[in-house]
Amino acid sequence: MAFEGLTSKLQETFRKLKGKGKLSEKDVKDAMREVKLALLEADVNYKVVKDFINSVSARAVGQEVMESLTPGQHVIKIVNEELIALLGKSESKLIVSKVPPTIIMFVGLQGAGKTTMAGKLALHLKKHNKRPLLVACDIYRPAAIKQLQVLGAQIDVPVFSLGDKTNPVDIARAGIENGKRNGNDYVIIDTAGRLHIDEELMNELKNIKEAVNPNEILLVVDAMTGQDAVNVAEHFNGNLDITGVILTKLDGDTRGGAAISVNAVTGKPIKFVGTGEKLSDLEIFYPDRMASRILG
Ligand code: GDP
C-alpha cells in the first residue's frame, strides 16, 4: 500500500517527540530534519518539502507549543494541519454545469489509467442516479475505443464513438450533441495520451478544449511515477489550465510523493483517486483523510 515507508518514518519521529516531556528548540529542529528527510525519500518535490517544513517550524517553535503540557502532541497536530493544507484543505467537488450536460474532459499520458478512470467515474455518477455518456476520442491507441466500449457495457453506460478515422475534435462535438439528444447529464470525453508529452498531442487537446468548452479538465496521473507525475501535471496545467487532478494506482507501493506535491505545485485540487483495477476502485479525495493515512 502507498506511503508505507513514509508513514513508518514519521511515526518513529513522532514517537520520540511524544516520549519527551518538555521540548527544546533543538528537539523540534531535529524532528523537523527527520520529517524533511522522510518526505524527500518519499519523493515529494523538494520545494514543497522546504515550504512545508518552514510552515511547520514557524508554528512549532512558538511559546505556546513549548509551554504546553504535551508539546510533542502539539507539534504532531501542527504537522497534521499543515499536511491537510498542503493536500488541498477540503474536498473539491466536481464542477457541474448549470445547463446539462456537464462536460468532463479526461487528459493524461498513455498508461496513466485514463480510460479505466473514465469508466470508474461513469459508474460513480451512475450510482448517484446520473446519466453519463462516455465519448471515445482516443483514435490512436489500438483498442482504446474497444476498451471504452467494453467498460461501458460492463456498467451499462452508453459509449459514443465515430471510429478511428474521424478527427477527435469532431468526435467530441458530435458526442456532446448525442448526449444532449439522449438526455445525458454528464458527458465524459476520453482523449488520447502519448508515452511522453508532445506538442502535437497538446495541440489536439487544446483544440478539443476550445471546441467543447468543458466544465472540467481532469488530468489523470499515475501516482507510481513520483516526481515525474508532478512534472507532467505542471506541463498539462501550463498548456490546458486543468481544473483538477485524479491520481491513479494509489494501491501500488508508491512512495507517495506525487500525491503530496501535486496540489501544491499546480494549485489545482485532487478530486478523485484510483485504488485498484476494478471499476469500483474509485475514492473521493479528502485531504484530511489522506493526511491521516500518511501520518498513520
Ligand atoms: P490509459 O492509457 O491512460 O487510458 O490507461 P488505462 O486505463 O488503459 O490503464 C493502464 C493500466 O493501468 C491498466 O492495466 C489498468 O488496469 C491499470 N490501472 C488503472 N487504474 C489503476 C489503479 O488505480 N490501480 C491499479 N493497480 N491499476 C490501475
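**Salt bridges and overall build**

User: In this predicted model, which side chain does Glu 41 meet in a salt bridge?

Analyst: The side chains in this bridge come within 2.8 Å, N to O. The pair ties together distant parts of the chain, with Glu 41 in helix 2 (residues 25-41) and its partner in helix 1 (residues 4-19), 32 residues apart. That partner is Lys 9.

User: Is Lys 9 buried, partly exposed or exposed?

Analyst: Buried means under 20% relative accessible area and exposed means over 50%. Lys 9 sits at 37%, so it counts as partly exposed.

User: Which residues share a salt-bridge network with Arg 59?

Analyst: Start with the bridge from Arg 59 to Glu 81, where the closest N and O atoms are 2.6 Å apart. It links helix 3 (residues 46-60) to helix 5 (residues 71-87). Bridges with shared partners then join Arg 59 into one network with Lys 77, Glu 81 and Glu 82.

User: In the bridge between Asp 198 and Arg 194, which residue is buried?

Analyst: The closest N and O atoms of this pair are 3.2 Å apart. Asp 198 has 27% relative accessibility, so it's partly exposed. At 16%, the buried one is Arg 194.

User: Stepping back, what is the radius of gyration, and how does it fit the globule rule?

Analyst: The protein has 12 helices and eight strands. For 296 residues the globule rule gives 19 Å, and the model comes close to that, so it's as compact as a globular protein of that length. The radius of gyration is 21 Å.

Notes
Residues are numbered from 1 along each chain as its sequence is written. This is a predicted model: local features need pLDDT of at least 70, side-chain atom pairs count only at pLDDT 80 or more; totals for chains, interfaces and linings use all residues. Side-chain values use heavy atoms; hydrogens and water are left out. Helices (H or I, at least four residues) and strands (E, at least two) are DSSP runs, numbered from the N terminus. The radius of gyration is taken over C-alpha atoms; the globule rule is 2.2 Å times the number of residues to the power 0.38. A salt bridge is a side-chain nitrogen of Lys or Arg within 4 Å of a carboxyl oxygen of Asp or Glu. Buried means under 20% relative accessible area, exposed over 50%, partly exposed in between (1.4 Å probe, protein chains only).
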